[in-house]
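Student: Could we go through this structure together? I would like to understand where the labels come from.
Tutor: Gladly! Have a look, and then ask away.

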Amino acid sequence: MIARLVAFPLYWMVLSAIKPPGEIQSAAPKPWTLAPSWDSFGRVLSMNGFGRYFLNSLLIAVVVVAFSLLLSFLSAVALTRFRFRGRTVLLVMILVAQMIPVEALTIPLFFLMRSIGDTAPAFGLNELGSIILVDLVFSLPLAIWLLRGFTAAVPVELEEAAKIDGASRLRFTCQILLPLVLPGLAAVSVLSFIHAWNDFLFAKTFIISKTENQTLPQAVLVFFKPEDTDWGAVMAASTLMTIPALVVFILVQRKLVSGLDGAVKG
């Protein structure tokens, strides 16, 4: 029953994408169609710059996932395997960072990215680097907390045994600890990918005039018109946007479930 409730919005999205315009705007919509049409998908795929927007979103998501995995893993190892002054304070700050509403930081981040652009143009306004940097910052707190549970669950005795056998800390981390936290890395990869792939707020805020650097969520705005919104195209574009995230989720589904379970236990 719960699965049906979760899947129904996806079903209605796909259904609206293949419905003729008359059925979409009907006063009595039906949960089926007898005349499916692919015209909405055709309008989306033929839109000027659609491929470019898709590649921009994919580039942002892949880079954010790669750096989230690397930085969150190293941070989790440092927070669980080393004892240093201020460690507890740092953990609390990471937790607090997750509680701050993104909308409250949008305007300050806009001015920050504008200032950064003066010294590092690749991360300034109208550049993909600005979106990557901000998405990465907002992905890291949750990623660190997830991986912290996994690294903490690995017994210290295992590391001590590796040292007795002559393994260095780097070798233990790469050859023993890393494979043990793979489920957590899978969970982090999916969550970071979805966050970066679906990002609209920062993309709309930072990409102002450089049209070629717009992302896929921004492209959907083309079909929103005050006088006549093309709902079929909107639903078709939303369906196409869902496919990459769905593919990533399916690829790591088993690891993701065990990863979230391990994070709770940790």
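Student: Why is Leu-34 called exposed?
Tutor: This is a predicted model, and in it Leu-34 has a relative accessibility of 79%. The label "exposed" asks for over 50%, so Leu-34 counts as exposed.

Student: Where is Leu-34 placed?
Tutor: Leu-34 sits in the loop between α2 (21-24) and α3 (39-45). Together with Phe-8, Tyr-11 and Trp-32, Leu-34 makes a nonpolar surface patch of about 500 Å².

Student: What makes Arg-81 and Glu-159 a salt bridge?
Tutor: Set the distance against the rule: a side-chain nitrogen of Lys or Arg has to be within 4 Å of a carboxyl oxygen of Asp or Glu. For Arg-81 and Glu-159, the N to O distance is 3.3 Å, so their side chains meet in a salt bridge. This pair links distant parts of the chain, as Arg-81 belongs to helix α4 and Glu-159 to helix α8 (residues 156-164), 78 residues apart.

Student: Are those two residues buried or exposed?
Tutor: Buried means under 20% relative accessible area. Arg-81 has 14%, so Arg-81 is buried. Glu-159 has 7%, so Glu-159 counts as buried too.

Student: Which other residue is linked with Arg-81 and Glu-159 in a network of salt bridges?
Tutor: Arg-169 is linked with them in that network. The side chains of Glu-159 and Arg-169 meet at 3.0 Å, N to O, which is a salt bridge because the cut-off is 4 Å. This pair joins helix α8 to helix α9, with their positions 10 residues apart in the numbering.

Student: Why is Arg-169 called partly exposed?
Tutor: The range for "partly exposed" lies between the 20% of buried and the 50% of exposed. Arg-169 has 36% relative accessibility, so Arg-169 counts as partly exposed.

Student: How many salt bridges are there by this rule?
Tutor: The count comes to four. One of them is formed by Glu-127 and Lys-210, whose closest N and O atoms are 2.8 Å apart. Glu-127 lies in the loop between α6 (102-119) and α7 (128-153), and Lys-210 in the loop between α11 (201-206) and α12 (216-219), 83 residues apart.

Student: What makes Glu-127 and Lys-210 partly exposed?
Tutor: Use the 20% and 50% limits once more. Glu-127 is at 21% relative accessibility, so Glu-127 counts as partly exposed. Lys-210 has a relative accessible area of 27%, so Lys-210 is partly exposed as well.

Student: Now the helices. How do you know that α4 is roughly perpendicular to α9?
Tutor: The axes of α4 (residues 50-81) and α9 (residues 169-180) come within 13 Å and cross at roughly 110 degrees. Angles of 65 to 115 degrees count as roughly perpendicular, so α4 is roughly perpendicular to α9. The crossing of α4 past α9 is right-handed.

Student: And how many helices and strands does the protein chain have?
Tutor: The protein chain has 14 helices and zero strands. Of its 266 residues, 41% count as buried, and its C-alpha atoms fill a box of roughly 75 × 50 × 30 Å along the principal axes.

Notes:
Residues are numbered from 1 along each chain as its sequence is written. This is a predicted model: local features need pLDDT of at least 70, side-chain atom pairs count only at pLDDT 80 or more; totals for chains, interfaces and linings use all residues. Side-chain values use heavy atoms; hydrogens and water are left out. Patches are made of residues with over 30% relative accessible area and no salt bridge: like charges are joined within 9 Å, nonpolar side chains (Val, Leu, Ile, Met, Phe, Trp, Tyr) within 5 Å. Accessible areas come from the Shrake-Rupley method with a 1.4 Å probe; for residues, only the protein chains shown count as cover. Helices (H or I, at least four residues) and strands (E, at least two) are DSSP runs, numbered from the N terminus. Buried means under 20% relative accessible area, exposed over 50%, partly exposed in between (1.4 Å probe, protein chains only). Axes are lines fitted to C-alpha atoms, for helices over the stretch in contact, and angles run from 0 to 180 degrees between N-to-C directions. Angles under 35 degrees count as roughly parallel, over 145 as roughly antiparallel, 65 to 115 as roughly perpendicular and the rest as oblique. A crossing is left-handed if the near helix is turned anticlockwise from the far one by less than a right angle, and right-handed if clockwise.
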